[in-house]
Amino acid sequence: DLVIEKSAPSGSEAEILRIRSGGGIALGGAGDANTLNDYEEGSFTTTFSSGIGASLNAFTYTKIGNFVILCGKVTVNSTDGASTQLTMTLPFNSSGRNAVTVNFVSGQNVGDIGLVAYTNSAGTMQFYSVNDNANEANHTHADISNGDEYYMTVTYRSA
């Protein structure tokens, strides 16, 4: 291991960084709980629930430990107009229900407040329209038209 230490006020050495021979970087101590051993960047092609056709533009992700940040834009090409809830696949399974930010949606009925989404442990994200009385309703294929666009930043904990 390569260790970087700094003098503590009492004159002893305090470990601040350890590059572990088995892989990873330990911050503030040598224990496994302090080790970052997973970093990844890449691109991801998502799919929507059956009945939606879309072109997917520039989806990228960064995974640091168990945090995943996914950014991109989706343009809807076709929809079957069904009452099926809109879902989208994720690059990594989620640790459970995580709220997601949908930055901007053009051309859709998204309720009075807007569109929200949640991840689940199955590796998908579900979309909901929110009204001003704070009620959520499934955001369905019937709410979507050709040419609609989703601009998203998704941050969640992976399983």
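Analyst: Hello! Two strands pair if DSSP finds at least two bridges between them, and strands themselves are DSSP runs (E, at least two residues), numbered from the N terminus. This is a predicted model, where local features need pLDDT of at least 70, side-chain atom pairs count only at pLDDT 80 or more, and totals for chains, interfaces and linings use all residues. Residues are numbered from 1 along each chain as its sequence is written, and side-chain values use heavy atoms, without hydrogens and water.

User: Which residue in β13 is the bridge partner of Val-105?

Analyst: Start with the strands: β9 (residues 99–106) and β13 run antiparallel and are joined by five bridges. In β13, Val-105 has as its bridge partner Tyr-150.

User: How many bridges are there between β7 and β13?

Analyst: One pair to find in the picture is Lys-73, which stands opposite Tyr-151 in β13. Strand β7 covers residues 67–79 and β13 covers residues 149–157; they pair in the antiparallel sense, and the number of bridges is nine.

User: How many residues does the largest nonpolar core have?

Analyst: A nonpolar core is a set of buried Ala, Val, Leu, Ile, Met, Phe, Trp, Tyr and Cys residues joined through side-chain atoms within 4.5 Å; buried means under 20% relative accessible area, exposed over 50%, partly exposed in between (1.4 Å probe, protein chains only). Among the residues with the most contacts inside the largest core are Leu-70, Met-125 and Tyr-150. Strands β6, β7, β9, β10, β11 and β13 each supply at least two of its residues. The size of this core, in residues, is 25.

User: Which residue forms a salt bridge with Asp-38?

Analyst: A salt bridge is a side-chain nitrogen of Lys or Arg within 4 Å of a carboxyl oxygen of Asp or Glu, and the structure holds two. For Asp-38, the closest N and O atoms of the pair are 2.3 Å apart. Asp-38 lies in the loop between β4 and β5 and its partner in strand β6, so the pair ties together parts 25 residues apart in sequence. That partner is Lys-63.

User: Is Lys-63 buried or exposed?

Analyst: Its partner Asp-38 counts as partly exposed, at 25% relative accessibility. Lys-63 has a relative accessibility of 8%, so Lys-63 counts as buried.

User: How many residues apart in sequence are the parts tied together by Lys-73 and Glu-149?

Analyst: The side chains of Lys-73 and Glu-149 meet in a salt bridge, at 3.3 Å from N to O. Lys-73 is partly exposed, with 22% relative accessible area. Because Lys-73 lies in strand β7 and Glu-149 in strand β13, the separation in residues is 76.

Methods. Helix = DSSP H or I, 4+ residues; strand = E, 2+ residues; numbered from the N terminus.
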